[in-house]
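I opened this notebook to record a few look-ups in one structure. The entries follow the order in which I made them.

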Amino acid sequence: MTLPLFEETYSVSRLGAEIRDLLGEAYGSVWVAGEVQRPRLVTAGHLYFDLIEKGERDTIVGRLDAVIWRRDYDRLRRVLERAGLELADGQEIRCRASVDFFAPGGRLQLVVREVDPQFSEGLLAGRRRETLAALAVAGLLDRNRALPWPDLPLRVGLITSEGSAAYHDFLTTLRESGYAFRVVFVHAAVQGRDAEGQIVSALRALERLAIDCAVLARGGGSRSDLAVFDARGLAEAVALAPFLVITGLGHEIDEAIADRVAHTATKTPTKAAEMLVARIAVAERRVLEVRAALQRQALQVVRRGREALAPLERDLRRGGLRVSVSAGRLERLARGLTVAARARLR
């Protein structure tokens, strides 16, 4: 076999540079849709993440490294914040990017320049509609709300992140009320990949305990942060709980699906605690009102008894006078008989 006298040999860096240039020309600006995974904001201000695509049973069928350089990240973050979104783990996005090959690391990556917030909003809204429709068909939208309030909801299950602002705000409000609340706390993540499973497990753990109601609480956050509370599995667990579920999810505008299926929805953890305190205060006022009514009725019975006894007391006093007069007369007669008897004997 005859070998060519000369065949060009690339250096690694030169081949890497040509791959970069070819990819840059072919994919200089493309729209790509996928799910954000493992976002990492480095000290230089750049955001690195994986953009993935899932197939059946949540298996990953595609993955690309992605980066948003600092100069673009600050701008895109503000755009997403206005829509109540953020580039969080599990967030699905549609982004405009170029394809870059980083030769020193031998790594192909997407360089994201734009993110379409309407795409993410549309996906979230569509999933909400599908979940609400499925819950309605299953008869779960009003199931928990049909449970009656206990007379004194003092045994409370609390599900939130331990040590969070929601945790402290809720417990402080109950403690300052002075009422004898007993709180069973179960820790659960309230955002991120593991949040749904942990909250569902916490609700099931409380089913084995004697509680009057459960409070699902978290502080404020973006629409992305609160996305877990639109999850169907979580909504079903709330609806099927054998006790009242109260939500205090730290939002002022949007209603999460968990709010929709819960017995009572409040805006913040503090509001949830204040609502429980108010119910106990109402019960206390009722007890005080009943006690006052019983006292009035008892006093009326005593007063009527005294009024009925008054004539008898007067008759007794008259009878006593008659007896006293008769006794004096008898005493005088007895003395007279004694004197007469002695005289007769003499």
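**Entry 1: the loop between strands 4 and 5**

I started with Ala103, which sits in the loop between strand 4 and strand 5. I am working from a predicted model, and I keep that in mind throughout. I looked up the accessibility of Ala103 and got a relative accessible area of 27%, so I filed Ala103 as partly exposed. I then took a long-range pair: Ala103 and Ala241 are 138 residues apart in sequence, and their C-alpha atoms are 55 Å apart in space.

I went on to Pro104, in the loop between strand 4 (92-102) and strand 5 (107-115). Pro104 has 73% relative accessibility and therefore counts as exposed, the cut-off for that class being over 50%. From the C-alpha atom of Pro104 to that of Ser201 I noted 46 Å, with the two positions 97 residues apart along the chain.

**Entry 2: residues within strands**

Is Ser98 buried or exposed? I placed Ser98 in strand 4. Its relative accessible area is 13%, so I wrote down Ser98 as buried, since that class takes values under 20%. Ser98 and Ala26 are 72 residues apart in sequence, yet I found 9.1 Å between their C-alpha atoms.

Next I looked up Val184, which belongs to strand 7 (residues 182-187). Val184 has a relative accessible area of 30% and is partly exposed. Its C-alpha atom is separated by 7.7 Å from that of Arg155, 29 residues away along the chain.

**Entry 3: a backbone angle**

Which non-glycine residue did I note for a positive phi? I noted Arg38, where phi is about 55° although the residue is not a glycine. I flagged the value because most residues other than glycine have a negative phi. Arg38 is in strand 1 (residues 30-41). With a relative accessible area of 46%, Arg38 is partly exposed.

**Entry 4: helix pairs**

I recorded two values per pair, as packed helices are described by the angle between their axes and the distance between the axes.

At what angle do helix 5 and helix 6 pack? For helix 5 (residues 195-206) and helix 6 (residues 232-240) I have an angle of about 10° and axes 9 Å apart. Helix 5 is therefore roughly parallel to helix 6, as angles under 35 degrees are classed that way. I entered the crossing of helix 5 and helix 6 as left-handed.

The second pair is helix 4 (residues 165-177) and helix 8 (residues 269-345), whose axes come within 8 Å and cross at roughly 25°. Helix 4 and helix 8 are thus also put down as roughly parallel to each other. The crossing of helix 4 and helix 8 is right-handed.

**Entry 5: the largest pocket**

How much space lies in the largest pocket? I have about 840 Å³ for it. The largest pocket is lined by 26 residues, and those closest to its centre are Asp89, Gly90, Arg127, Ala227 and Val228.

I then asked which element gives the most to the lining of the largest pocket. That is helix 3 (residues 117-137), with six residues. I also sorted the lining by class and got 13 charged, seven polar and six nonpolar residues.

Conventions
Residues numbered from 1 in each chain as written. Predicted model: local features only at pLDDT ≥ 70, side-chain atom pairs only at ≥ 80, totals over all residues. Heavy atoms only, no water. 1 Å grid on protein atoms, 1.4 Å probe; cavity = no way out; pocket = protein on both sides within 12 Å on 5 of 7 lines; lining within 4 Å. Points joined across faces, edges and corners; volume = space filled by probe spheres on them. Helix = DSSP H or I, 4+ residues; strand = E, 2+ residues; numbered from the N terminus. Nonpolar A, V, L, I, M, F, W, Y, C, P; charged D, E, K, R; others polar. Buried < 20%, exposed > 50% of the residue type's maximum accessible area, 1.4 Å probe, protein only. Axes fitted to C-alpha atoms, helices over the stretch in contact; angles between N-to-C directions. Parallel < 35°, antiparallel > 145°, perpendicular 65-115°, else oblique. Left-handed = near helix turned anticlockwise from the far one by under 90°.
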